[in-house]
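Visitor: I am new to this structure. Please take a close look at one part, the largest pocket, and say what lines it.

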Amino acid sequence: MAITIEASDGDSVTTRELRLVEEPRYSFAEADYLARVSRGTSRRWLAGYSYRRTSGDVVHLPPVGGPGAKDSGSTVSFIDLVEVVAIGGLKDVGFSLTHIRKIVTTCEELLGVARPLTTLTFKTGGREIFVDVGEGRLVEVLGRRGRQAWTEVLAPFLQTLEYENDLARRWWPLGQRSPIVVDPAYAYGLPVIKNTGIRTEILFERFESGDLVEEIANDFNLVPEDVERAIQFEATRLKTAA
């Protein structure tokens, strides 16, 4: 159970943390870019979508993240972003969106939490569901791919998340040993160099304009290694989005 500490202005620490991770923060295009998914993917997965069959019938598909996911609006929260990254990983190992919806809703029931892919409860209890399926309720969905999904996708991804009050609070896209973090408390949730709030995008733009790594590092009071990692990170993101 989360501990709630009353702040001096009457608001609680828990409430403030929830606001940070749940309030609208990114456009759908920014979420696509950060999660490294194709254009329009975040909108479809988070808000659901409709399409018309050749027969003329209109099919409405719900959000992939289950009933806790957003169902309207044009912006994405940090929690939404985390969910898109996790869903993208499951898609990469061959799960259809229909299967992922069933995985999410079943995990919600088994673990007793909404939007389980974004919670510490899932990190600590998910392995048993995915790896030790046995005769479990997900066996028909996961099949032999359960262990693969957990080992190759979910376990490594969950290690890049930092949690507070059971919810993902920070995302280290290159791992927690990297200097790059996505923290909704800094730069409106865009990737920054840890403990600085300096956006990796700004460092990359300086480099693209012709500045040397050492010059950029001196101007921002950073070590050159952190600037190099930021440049590599942004260059990779740009290549993926192309």
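Guide: A definition comes first: helices are DSSP runs of H or I with at least four residues, strands are runs of E with at least two, and both are numbered from the N terminus. The model is a predicted one. Its largest pocket has a volume of about 390 Å³. Its lining is made up of 20 residues, and those nearest the centre are A35, R36, V85, D92 and W171. Four helices each bring at least two residues to this lining: α2 (28-35), α4 (78-92), α8 (145-158) and α11 (224-241). The biggest contribution is that of α4, which supplies seven residues. By class, the lining of the pocket holds 13 nonpolar residues, four charged ones and three polar ones.

For comparison, there is also enclosed space. Over the whole structure, one cavity of 30 Å³ or more is found, and the largest cavity holds about 60 Å³. The residues lining this cavity are T14, E17, L18, V21, E164, N165, L167, A168 and R169. Two elements, helix α1 (13-22) and strand β6 (167-171), each give two or more residues to that lining. Here α1 gives the most, with four residues. The cavity lining divides into four nonpolar, three charged and two polar residues.

To return to the pocket: α4 is the main contributor to its lining, and V85 and D92 are among the residues nearest its centre.

Definitions and conventions:
Residues numbered from 1 in each chain as written. Predicted model: local features only at pLDDT ≥ 70, side-chain atom pairs only at ≥ 80, totals over all residues. Heavy atoms only, no water. 1 Å grid on protein atoms, 1.4 Å probe; cavity = no way out; pocket = protein on both sides within 12 Å on 5 of 7 lines; lining within 4 Å. Points joined across faces, edges and corners; volume = space filled by probe spheres on them. Nonpolar A, V, L, I, M, F, W, Y, C, P; charged D, E, K, R; others polar.
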